[in-house]
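Could you walk me through this structure, a piece at a time? An informal tour is fine.

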Amino acid sequence: MTERSPLSDAPPRYTYNFCAGPATLPRPVAERIREEFLAHAEDGASIVEVSHKGPRFTGVLDTVETLYRDLCGLPADHHLFFMHGGARMQCSAVPLNLIGRSAARTAGYVETGLFAQQAFREGARYGDMRTVASSAATAFDRIPAVRPQDCPEGAAFIHLTSNNTVYGTRWTDFPQDVPAPLVADATSDILSRRIDHTRFGVVYAGFMKNLGPSGMALVTVRDDLVGHALPSTPRLLDYAVHARTRSLDNTPNTFALFVLSLMLEWVRDQGGLAAVERTNEAKAALLYGELDRSAFFRPTARPEHRSVTNIVFRLADESRTGEFVALAESEGFLGLRGHRTVGGVRASVYNGMPEDGVRALAGFLREFERLRG
Ligand SMILES: Cc1ncc(COP(=O)(O)O)c(C=O)c1O
């Protein structure tokens with residue numbers, strides 16, 4: 001691809017989708033999805049038209065399990081489940097499965113933004129949930145320190161959001177010495193960087209950024225945390241049922257799991273997660289470099305806590321945000337409007353966003369400032 005020509009009258013030659021999720025797929029994955037359906041259009045059944053218990057689909061599951069374990073270093077004593085209802089359903093599943101381990105029915109939550117707050121509110125339906133640290137006072141521009149002494153005694157778990165999609169912050173050093181299993185919502189950074197699963201009791205992630213289509217969640221659970229669900233837990237949210245049935249107790253979203261297998265193969269083909277992480281760091285550095293150079297734009301997260309996947313910024317003259325986003329769109333840069341609760345601008349650069357797209361956006365930022373600044 002060649003560099004685009006920002007602010008021209010000609011229609012854009014390329015379109016880049018910076019949407020926060022559902023998000024752009026790597027091009028080779030989109031092509032393989034098309035092939036899957038075209039190849040079977042006349043001569044048989046595509047992957048969404050065969051039994052989830054048959055060899056073709058269980059082959060997809062084998063690929064997913066083997067590749068996720070290999071690429072992410074998932075230890076043998078951690079289960080890998082696929083559950084319905086996206087990331088938000090895990091806000092219920094986590095307390096339903098774990099709170100019974102706490103005599104006081106208590107757990108801690110780190111408040112770092114919108115999705116952390118949603119997790120807390122849902123958790124509070126099942127126990128005496130406590131906020132153990134928060135960056136609300138500084139408009140979620142950072143990751144707060146978590147001190148073990150602030151965690152409730154006998155807590156069943158401590159919940160955090162490893163990357164904050166709306167505010168564009170992320171954890172680099174996860175809390176040490178917390179007196180309960182750590183649970184991470186990794187929806188917006190799963191498979192974008194290496195993660196040490198041994199530090200976590202549970203990691204969950206909605207599919208629709210780096211894993212595939214929306215509506216499903218990938219959930220890893222350490223073995224000793226399985227089997228403690230409250231009696232009222234819906235069967236399909238019980239981790240023990242997923243462990244027994246390989247997440248095939250009912251029919252899973254076979255298309256989403258097929259796409260996940262392609263996403264994992266794509267990561268493998270890039271050279272693995274460390275290679276993908278390096279590329280993602282380079283993409284983010286390019287955009288932050290452009291934003292830091294300019295007095296026209298203002299990244300909102302503190303530099304040491306900046307997200308690599310959600311780059312959030314504002315225009316110094318905020319009244320021009322609408323003009324910026326509209327012009328960007330007409331130039332082929334889609335999905336840049338900030339989350340409706342915070343405004344501003346957000347460029348989401350998950351695995352599917354090629355480096356060319358990021359370079360083109362950086363060029364657009366420069367040109368916008370030069371010609372309209
Ligand atoms: C960090 C985080 N958690 C949870 C969610 C909600 O995901 P879902 O719509 O799959 O429930 C999102 C959605 O963007 C998210 O970014």
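Take helix α6 in this predicted model and look at what is tucked away: the buried residues are A256, L257, F258, V259, L260, S261, L262, M263, L264, W266 and V267. What do these buried residues of α6 pack against? Their neighbours are three helices and two strands by name: α1 (27-39), α2 (55-72) and α7 (273-293), along with β2 (78-84) and β10 (216-222). As for its dimensions, α6 covers residues 254-269, which makes 16 residues. From first C-alpha to last it reaches 23 Å, close to the 22 Å expected at 1.5 Å a residue. After α6 comes G271, with a positive phi near 110 degrees.

Now hop over to strand β8, residues 182-185. Both of its faces are covered: L182 and A184 are buried on one side, V183 and D185 on the other. β8 has pairing partners, too. With strand β5 (residues 158-161) it pairs in the parallel sense over four bridges, and with strand β9 (residues 202-206) it does so in the parallel sense over three bridges. D185 is a handy residue to follow here: it is the bridge partner of T161, and it stands opposite Y204 in β9.

That leaves the ligand. Which residues are closest to it? Of the 13 residues that surround the ligand, the closest are G86, A87, R88, T165 and G206. Helix α3 (residues 86-98) gives the most to this shell, with three residues. By character, the shell divides into eight polar, three nonpolar and two charged residues.

Notes: Residues numbered from 1 in each chain as written. Predicted model: local features only at pLDDT ≥ 70, side-chain atom pairs only at ≥ 80, totals over all residues. Buried ≥ 20, exposed ≤ 12 C-beta atoms within 10 Å, placed from the backbone. Pairing = 2+ DSSP bridges. Near = placed C-beta within 6 Å. Nonpolar A, V, L, I, M, F, W, Y, C, P; charged D, E, K, R; others polar. Expected span 1.5 Å × (residues − 1). Contact = placed C-beta atoms within 7 Å.
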